[in-house]
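Welcome! Open the structure in your viewer, keep the selection tool at hand, and follow along one stop at a time.

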Amino acid sequence: MTEQGRDATVRTRVIVDAPIERAFAVFTEGIGSWFPPEYNLLAVPLAERVFEPRVGGRVYDRGVDGSQCHWGRVLAYEPPRRVVISWDIGAQWQIETDLAKTSEVEVLFTSETPNRTRVELEHRHIERHGEGWEQLRDSVGGEGGWPEALRQFALKLS
């Protein structure tokens, strides 16, 4: 389920067949195992995707040549219930270095049963990206954006 309106927030969720601790760990530290590898800004093939599990940590891609693309910062890290990262990719799909022009992705994990977890994702403050933010919202909220990423996440856990 994905919601997006005329505002600058995208919401989507998925139910996964995994305990909350495993869902959180795979979503964060295991991001390279499910986040589609073609979703990167590197000029070379992707070697790995890294999530540093702490507030102040980075989220980045490393290319096969050693190059790096830092596209997020860990703003909140509360295992196994909540994580917030910045989205440091601008409306023109380039790295945004002005932190005032970045958005946030908050992910909440709720245990429904011992082996079933609801994962709710909210990508908010997209308007901060400035001109073209609507297209960015439509892209991350569209079927090929967060909904597809969460489908891949759920498949990884199945």
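Here is a short tour through a helix, its partner, a core and one last side chain. Keep in mind as you look around that this is a predicted model.

**Stop 1: helix α1**

Select residues 20–27, which form α1. Now colour I20, A23, F24, V26 and F27, the buried residues of this helix. What covers them? Show β2, β5, β6, β7, β8 and α3, which are among the elements lying over the buried residues of α1. As you turn the view along the helix, remember that an α-helix has 3.6 residues a turn, so residues three or four places apart point the same way.

**Stop 2: where α1 meets α3**

Add residues 146–157, which make up α3. The two axes, of α1 and α3, come within 11 Å and cross at roughly 125 degrees. An angle between 115 and 145 degrees counts as oblique, so α1 and α3 are oblique to each other. Their crossing is right-handed. To see the contact itself, show R22, A23, V26 and F27 on the α1 side, and L150, F153, K156 and L157 on the α3 side.

**Stop 3: V26**

Zoom in on V26, a residue of α1. Is V26 buried or exposed? Its relative accessibility is 13%, so V26 counts as buried, the cut-off being under 20%. Beyond its neighbours within four places in sequence, V26 is in contact with I31, S33, W34, F153, K156 and L157. For a distance to try in your viewer, pick the C-alpha atoms of V26 and A154: they are 10.0 Å apart in space, while the two residues are 128 apart in sequence.

**Stop 4: F27 and the core**

Move on to F27. Setting aside residues up to four places away in sequence, F27 touches W34, V83, V107, F109, L121, L150 and F153. Which residues touch the most other members of the largest nonpolar core? They are F27, V83, F109 and F153, in a core of 37 residues. To see where this core comes from, show β2, α1, β5, β6, β7, β8, α2 and α3, each of which supplies at least two of its residues.

**Stop 5: R137**

Finish at α2, residues 133–141, and select R137 within this helix. R137 has 8% relative accessibility, so this residue counts as buried. Then show D7: its backbone oxygen lies 3.0 Å from a polar atom of the R137 side chain.

Note on methods. Residues numbered from 1 in each chain as written. Predicted model: local features only at pLDDT ≥ 70, side-chain atom pairs only at ≥ 80, totals over all residues. Heavy atoms only, no water. Helix = DSSP H or I, 4+ residues; strand = E, 2+ residues; numbered from the N terminus. Buried < 20%, exposed > 50% of the residue type's maximum accessible area, 1.4 Å probe, protein only. Polar contact = N/O pair within 3.5 Å; in protein donor to acceptor, adjacent residues only side chain to side chain. Core = buried A, V, L, I, M, F, W, Y, C linked by side-chain atoms within 4.5 Å. Contact = heavy atoms within 4.5 Å. Axes fitted to C-alpha atoms, helices over the stretch in contact; angles between N-to-C directions. Parallel < 35°, antiparallel > 145°, perpendicular 65-115°, else oblique. Left-handed = near helix turned anticlockwise from the far one by under 90°.
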